[in-house]
Amino acid sequence: MCGIVAVFGKENASQIVLDGLKNLEYRGYDSWGVGTPGEGKVEIEKQIGKISEAILPDSFPQKTLAIGHTRWATHGGVTPENAHPHFNEEKQIAVVHNGIIENFVELRSELRGRGHVFFSDTDTEVLCHLMEEYIDDGKTLLEAAQCTANRCEGRFAFVVLHYGENCLVAVRRGSPLILGIGENGDAYLASDTPAFINHTQKIHYIDDGEIVYLEDSKITVHSLETLEPIEKREVTLDITPEDATKGSHAHFMIKEIYEQKDTIARATNQDSQEIEKIAEEISKARGTFLIGCGTAHKVAAAGEYFFSMIAKKHVNTAVASEFPIFHDFLRPESLIIAISQSGETADVIEAIEAARSVGSTVLSIVNSAGSTVARMSDFSLHIKAGPEKAVASTKAATSQLTVLLLLAYACAGKLDDGRKLMVDAASLVNDLVNPRFVEFVAGIAKEIADQNNIFIIGKGANFPMALESAIKIQEVSYIHAEGFAGGELKHGPIAMIEPGTPCLVLVSSNELQKKEILSNAMEIKARGGRIIGVSSENSEIFDDWIRVPEAGAANPILNLIPVQVLSYYLALERGFNPDMPRNLAKSVTVK
Ligand code: AGP
């Protein structure tokens with residue numbers, strides 16, 4: 001949700017910033033902007049529209065430091081004025097910012113009262129004017145950034161550039177910020193590592209309450225509270241520049257769907273001792289809460305079924321944004337299992353903070369090993385799916401499900417069985433995701449792309465998968481899609497079935513559930529619905545049969561894959577870019 005990039009100590013810094021922003025497009029694509037020192041002021045180029053199409057004018061200065069931003073609008077509409085970088089009246093100071101400054105209305109009226117003129121509707125702009133005041137008071141850029149941050153409430157990260165000083169300052173308090181260390185004194189700051197992966201793989205994760213100062217060959221990190229220097233640990237990234245590209249695929253979404261051939265196997269390959277140790281924590285916890293947002297929440301809901309069916313263990317599931325309702329039930333002996341691809345989702349972070357404040361244990365299942373969520377956790381399992389850049393989560397979801405399934409088996413004392421199940425399932429995915437299968441599903445997408453409604457039903461762990469399928473279809477194709485437990489339709493929603501309404505039926509491998517979901521499908525068919533069976537076996541009820549291999553308890557994971565493919569082709573049929581759904585951003589770092 002908004003991407004910030006800054007480059008220090010490198011020729012053509014503006015161009016490197018722009019290229020870095022293009023790799024962060026998934027974080028926001030409403031507008032973009034770049035700023036670099038110019039003659040007597042900061043030179044700024046900013047426009048509305050997608051960063052992927054952005055070009056800097058030939059006349060734009062290419063100095064050795066620059067900052068940039070790709071925006072997902074929170075405060076203020078999508079206009080050139082509201083695009084970052086923002087600046088003070090004289091354009092001496094420019095700022096890019098991610099997150100929200102909650103008290104910006106009060107700060108703005110206070111600053112206006114002292115004569116400041118505002119050029120945008122954003123919360124960010126208060127940072128520029130506050131910086132100006134502190135610098136005018138004789139503070140250094142570092143001190144001014146500290147004082148500015150101390151005036152602001154909320155979660156944010158920002159980078160400041162002053163036209164007359166050969167340095168950059170960045171603050172982190174609640175929103176992600178990563179420092180990349182180049183070979184020759186060059187340095188990079190960004191919301192996520194793909195921004196600078198082409199320049200360095202050596203990084204420092206900046207923590208909340210830290211401030212970074214880049215000047216000549218001096219790269220220092222300080223406490224935001226005291227400005228005392230902080231020693232950081234260097235980490236080498238395990239992603240390559242190729243991981244962050246589309247390769248030969250038209251979109252990241254389809255690339256990532258195909259990658260599930262490998263990613264499920266990688267997620268299965270967890271350290272047995274660690275899984276057993278975490279399973280022990282789950283078994284001894286008094287009150288376990290699985291939490292996540294969006295897709296990660298649907299994964300959590302499937303986890304509830306896995307623990308119940310495989311380990312006979314009851315766990316609670318909650319949408320992270322609703323978790324405050326349950327804070328009163330947290331105890332030191334409770335366990336929170338936070339699921340998050342990015343590890344930066346604000347509602348998930350808030351839930352973890354609540355758990356930590358009462359001493360509950362926190363386990364996270366993340367795709368970004370150095371993320372905030374991972375670093376706040378007592379235990380963290382890395383799903384190892386590689387960068388997921390499409391806004392629609394695909395490979396991360398199936399990898400998260402894999403890890404939860406393994407944990408459920410470990411809790412039942414059968415980790416080896418779980419591992420074997422998933423190794424077999426991973427090889428079945430290899431057979432499933434092939435061009436012939438994809439083409440077949442694309443054919444169904446073509447036939448139903450003009451429908452207004454699509455329904456998805458499932459039973460057992462396929463019920464949350466039906467909910468997840470609905471999210472996939474909605475977010476990339478904008479067709480109204482809804483997922484239901486098969487038995488629920490006749491309690492109301494069946495009224496919406498009209499002749500030809502497509503209904504995807506996610507068939508379980510459990511015999512009883514299979515029988516029941518097919519009978520629910522029959523009820524829809526009797527009202528004229530078009531039944532698209534996602535199943536290992538054909539049935540006369542199906543108008544279309546999407547064949548998935550028989551995968552036992554891993555069946556809900558495999559059932560998801562054809563729906564991901566269908567969603568992708570529904571988006572293409574309807575003329576939308578599946579990688580950039582309207583109104584969305586990949587990582588939701590605001591509440
Ligand atoms: C998935 O397709 C969504 N775009 C979205 O629901 C996502 O899963 C959610 O925002 C949670 O993100 P996280 O896993 O990074 O926490």
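## A ligand shell drawn from two domains

Domain 2 (246-431) and domain 3 (434-591) each contribute at least three residues to the shell around the ligand. Please keep in mind as you read on that this is a predicted model.

Let's begin with the site itself. The ligand sits in the second largest pocket. Its surroundings are made up of 14 residues, and the closest of these are S340, Q341, S342, T345 and E475. If you like to think in terms of chemical character, the shell splits into seven polar, five nonpolar and two charged residues.

Which helices supply at least two residues each of the shell around the ligand? They are α8 (294-310) and α14 (462-477). The largest share comes from α8, which provides three residues of the shell.

Now for the polar contacts, which may be handy when you look at the ligand's oxygen atoms. The table sets out three of them, with the part of the protein residue that takes part and the distance to an oxygen atom of the ligand.

| Residue | Part of the residue | Distance to a ligand oxygen atom |
|---|---|---|
| Q341 | polar backbone atom | 2.6 Å |
| T345 | polar side-chain atom | 2.5 Å |
| S393 | backbone N or O atom | 2.8 Å |

On its own, the ligand has 410 Å² of accessible area, and the protein covers 90% of that. Two of the residues in the table, Q341 and T345, also appear among the closest residues of the shell.

Two points of backbone geometry are worth a look as well, especially if you plan to go through the torsion angles. Where is the cis peptide bond that has an omega of about -5°? The bond joins H84 and P85. As for its setting, P85 belongs to the loop that runs between β4 (65-71) and β5 (86-87).

The other point concerns K384. This residue is not a glycine, yet its phi is positive, at about 60°. K384 is found in the loop between β19 (379-382) and α11 (395-411).

To bring the ligand site back into view: the shell takes residues from both domain 2 and domain 3, with α8 giving the largest share, and the ligand has 90% of its accessible area covered by the protein.

Terms used: Residues are numbered from 1 along each chain as its sequence is written. This is a predicted model: local features need pLDDT of at least 70, side-chain atom pairs count only at pLDDT 80 or more; totals for chains, interfaces and linings use all residues. Side-chain values use heavy atoms; hydrogens and water are left out. A residue is near a molecule or strand if one of its heavy atoms lies within 4 Å of it. A polar contact is a pair of N or O atoms within 3.5 Å; within protein, one must be able to donate a hydrogen and the other to accept it, and residues adjacent in sequence count only if both atoms are side-chain atoms. Accessible areas come from the Shrake-Rupley method with a 1.4 Å probe; for residues, only the protein chains shown count as cover. On a 1 Å grid over the protein atoms alone, a cavity is a set of points where a 1.4 Å probe fits but cannot get out, and a pocket is an open set with protein on both sides within 12 Å along at least five of seven lines; lining residues have an atom within 4 Å of a point. A molecule sits in a cavity or pocket if more than half of its atoms lie within 2 Å of its grid points. Helices (H or I, at least four residues) and strands (E, at least two) are DSSP runs, numbered from the N terminus. Ala, Val, Leu, Ile, Met, Phe, Trp, Tyr, Cys and Pro count as nonpolar, Asp, Glu, Lys and Arg as charged, and the others, Gly among them, as polar. Domain bounds come from an automatic or database domain assignment.
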